[in-house]
Structures are given as structure tokens and as C-alpha cells.
Amino acid sequence: MTLCKIPVSLLSLLILSACFSAQPEYADLQTKTFDAGNTRSILIRINRGELVILESEGGQIGVNGQTLYPNEVDYKIDYVGDQIVINIQDQHRGLSKNLVQINVSVPGGIKVEVESDNASVLIQGYHGELEVESTSGNVTVENTTVDLTL
């Protein structure tokens with residue numbers, strides 16, 4: 001039988017490099033900006049991550065964000081009549097719930113509906129009608145005047 005001898009210092013170096021391996025970096029999701037036009041409501045469906053809703057100026061709706069695993073996020077925007085539907089579904093099997101960070105800016109007065117499984121939702125500075133349905137994520141409302149349904 002042949003034994004492979006590895007010097008202790010080399011073995012220590014291999015173990016240390018595995019412990020300090022590079023962490024994945026966030027990648028930008030495609031930024032989308034469009035005119036609110038005749039939009040009466042926005043429905044945002046997000047299964048997990050962080051969602052921030054802000055009030056925009058000038059009649060523009062904007063969506064931008066980041067993710068650690070861009071190839072494992074289903075991200076699309078559809079128009080259904082006078083409603084915009086934003087779907088963000090993180091398919092990564094990791095344990096972290098903050099792999100997706102999404103910012104949505106909406107003109108005041110447009111109804112915003114959020115359906116979330118495990119995402120944290122922050123509504124900041126928005127004035128309008130808001131409905132949030134969350135299974136287990138945190139919902140935080142700051143500096144906001146809204147008709148709120150949780």
C-alpha cells in the first residue's frame with residue numbers, strides 16, 4: 001500500500017483557503033422604467049428576498065434590483081388590462097432568504113398589491129392604496145400615508 005504524504009503546512013493552507021473562499025457577488029437584474037399611463041394598480045409577487053416600494057415622481061414606474069444567482073430568478077413584468085403584474089420568483093435552493101433585492105418606484109395614487117411568501121417588504125414614503133399579503137416575511141411601513149390592508 002502506498003501512502004500519500006502531504007506536509008502539514010500545505011494541508012493547513014488548503015483548509016484555510018477553503019474557509020476564506022470568495023463570496024458570490026450581487027448581479028444587477030434588468031432595470032425597467034415605463035410610463036404609468038392608464039395603470040390603475042400594480043401587483044407584485046415575490047416569494048422571498050427584500051422588496052422596497054417607494055413613491056416616484058413624474059408618472060414613471062421603475063423596477064430594479066440585484067440577486068446573488070441571476071440564472072435562478074424568474075423575473076418578468078406583464079400587463080393585464082390596466083394592471084401591471086411584476087413576478088419575481090427566486091428558485092435558488094440555498095438557505096438565505098435575502099438572495100433577491102428589488103426596488104419598485106410607483107407614482108402616488110396607484111394601488112399597489114404585494115403577494116409574498118417569505119420576503120421582507122419595506123414601504124417607504126408612498127401615498128396611495130396598499131395591500132400586502134405575506135406568509136412569513138416582515139412588513140415595515142415608514143413615512144407613508146396609505147389605505148393599508150395586511
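**Figure 1. Asn 87 and its surroundings in strand E6.** In this predicted model, Asn 87 belongs to strand E6, which covers residues 83-90. With a relative accessible area of 14%, Asn 87 counts as buried, because that value falls under the 20% limit. When its neighbours within four places in sequence are left aside, the residues in contact with Asn 87 are Arg 45, Asp 74, Tyr 75, Lys 76 and Asp 78.

**Figure 2. Lys 32 and the ring of Tyr 75.** Tyr 75, which is one of the residues in contact with Asn 87, also takes part in an arrangement with a lysine: the charged end of Lys 32 sits over the ring of Tyr 75. The distance from that charged end to the centre of the ring is 4.9 Å.

**Figure 3. The aromatic pair of Phe 34 and Tyr 79.** The structure contains one aromatic pair. Its members are Phe 34 and Tyr 79, whose ring centres lie 5.9 Å apart and whose planes meet at 70°, so the pair is classed as edge-to-face, the term used for angles over 60 degrees. Distant parts of the chain are linked by this pair, since Phe 34 lies in strand E2 (residues 32-35) and Tyr 79 in strand E5 (residues 73-80), with their positions 45 residues apart in the numbering. As for accessibility, Phe 34 is buried, at a relative accessible area of 13%, whereas Tyr 79 counts as exposed, at 53% relative accessibility.

**Figure 4. The chain as a whole.** The secondary structure consists of one helix and eleven strands, and along the sequence these elements follow the pattern α-β-β-β-β-β-β-β-β-β-β-β. The chain has 150 residues, of which 35% count as buried, and it exposes about 9100 Å², with carbon and sulfur atoms supplying 49% of that area. Among contacts between residues at least 6 apart in sequence, 60% join residues that are at least 24 apart.

**Figure 5. Confidence along the chain, from helix H1 to strand E7.** The average pLDDT of the chain is 83, and 78% of the residues score at least 70. Among the elements of the chain, helix H1 (residues 8-19) has the lowest mean pLDDT, at 50, while strand E7 (residues 100-107) has the highest, at 95. Where pLDDT is low, predicted coordinates should not be read in detail.

Key:
Residues numbered from 1 in each chain as written. Predicted model: local features only at pLDDT ≥ 70, side-chain atom pairs only at ≥ 80, totals over all residues. Heavy atoms only, no water. Phe/Tyr/Trp six-rings, centres within 6.5 Å; stacked < 30°, edge-to-face > 60°. Helix = DSSP H or I, 4+ residues; strand = E, 2+ residues; numbered from the N terminus. Buried < 20%, exposed > 50% of the residue type's maximum accessible area, 1.4 Å probe, protein only. Lys NZ or Arg CZ within 6 Å of the ring centre and 35° of its normal. Contact = heavy atoms within 4.5 Å. Areas by Shrake-Rupley, 256 points an atom, 1.4 Å probe, with all protein chains shown as cover. pLDDT = per-residue confidence, 0-100.
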